[in-house]
Structure formats: structure tokens, C-alpha cells
Amino acid sequence: MSETLTTTATPPTAAPRVVPAGAGRVAAPAAPGLPSIEVKLDAAAGAGFGLVEYRVPPRFAPPPRLHRHTREGAVAYVLEGELRYWFADGDAVARPGTVVQLPRGAWFRWANETGEPARMLCMFAPAGFEQFFLDVLAEAAAAGGDLGSVIGPLRARYGDEDQPGDR
């Protein structure tokens, strides 16, 4: 009887990457009351996931209805402040140190309901959705800060959709 040997190819060596604070792709708020973001890792980084740091102003709520990502899952880690998350079957308050896992297709929404800023780190896998936030902020800034005029077409392009009947 002959034996079949299975070999595992060694993956190519990837160079480590260090992204100091402020050294990612930074997008300032497009208008007062909108978040600022720093994309720490994107699809071009080759990590297989995107990593975004959000600085969320007080009372910010994007969008104020349940929605889902159809192409990627996400994980949010609250660094500072307090964020509320709503799901199809309930809600939760996320304080520093809290992780919120959002599998692809899960209905959710979130907001900073407090009078204090919040900060979170979000990972999107596979990578790609992080570009949505850069595009939204750039196009809203070009539209004089009018987020409402640009977000719909961008959400459709990135596979972000509202729950039917939740308007």
C-alpha cells in the first residue's frame, strides 16, 4: 500500500506593519457633528481585514434605523465613552472594553446617545468596507457637509442596506 504525502505550502513572508496614531488614512469630519475616522489598515495592506478608528461626537446616530452589511462581518471595540447598539432582537450599551460582533447580514444600528464623545475601533472582514467611510466623508465635504445627499448611493455601492419596512 502506498502512502500519499500531503504538503502544505509555506505562505510568503509578509512584512510587519506599524501604524502609529494619526499615521493611517485620516478623514476629518465633513461637517460639525459628524465623526472623524482613521483607517489604520485597508484592503491594500494585505491583512485580509480593514481596521478603522472612529471618534464619535456626542449625539451622533448613523443611520437611525436597522441596517446590515451584506459583504463583510464587523467587530467593534469601544475604547472610550458609551455607545448603544440595537439589534433585531434587543439592544445593548457598550462601554470601554466592550466588543460587539456583527456577523455579515446581522441587522443593527448604533448611536452615541450621550453628551460625551466616544471612540471605537472597528474591524471589517474581508477588507473593503473601510473605504466606504473615506468616500462618505469626502463626498459629504464636497457637498458642503450634506451627508444626506451622498450616503444613499454610497451605501448601495458598498452593500449596506436598510431592513425592509424600517424607515
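**View 1. Strand 1 and strand 2 side by side.** In this close-up of the predicted model, strand 2, which covers residues 36-41, is joined to strand 1 by 3 bridges, and the two run antiparallel. Within this pair, Ala27 of the one strand stands opposite Ile37 in strand 2.

**View 2. The open sheet of 6 strands.** Reading across the sheet, the strands follow the order 1-2-3-10-5-8, and their pairing is antiparallel. Strand 1 (25-27) and strand 8 (99-102) stand at the edges with a single partner strand each, so one side of each of these strands is left without a neighbour in the sheet. Neighbouring strands of this sheet are turned against each other by 20° on average, if direction is ignored.

**View 3. Helix 1 lying across strands of the sheet.** Helix 1, made of residues 130-142, lies across strand 1, strand 2, strand 3 (50-56) and strand 10 (118-125), and it runs at about 145° to strand 2.

**View 4. A cavity and its lining.** Rolling a probe the size of a water molecule over the atoms shows where empty space is left. When the whole structure is searched, 1 cavity of 30 Å³ or more is found, and the volume of the largest cavity is about 30 Å³. Its lining consists of Arg68, His69, Glu72, Gly73, Ala74, Leu102, Pro103, Arg104, Gly105, Ala106 and Phe108. The elements that give two or more residues to this lining are strand 4 (67-69) and strand 5 (73-80). Sorted by class, the lining of the largest cavity has 5 nonpolar residues, together with 3 polar and 3 charged ones.

How values were computed: Residues numbered from 1 in each chain as written. Predicted model: local features only at pLDDT ≥ 70, side-chain atom pairs only at ≥ 80, totals over all residues. Heavy atoms only, no water. Pairing = 2+ DSSP bridges. Helix = DSSP H or I, 4+ residues; strand = E, 2+ residues; numbered from the N terminus. Axes fitted to C-alpha atoms, helices over the stretch in contact; angles between N-to-C directions. Contact = heavy atoms within 4.5 Å. 1 Å grid on protein atoms, 1.4 Å probe; cavity = no way out; pocket = protein on both sides within 12 Å on 5 of 7 lines; lining within 4 Å. Points joined across faces, edges and corners; volume = space filled by probe spheres on them. Nonpolar A, V, L, I, M, F, W, Y, C, P; charged D, E, K, R; others polar.
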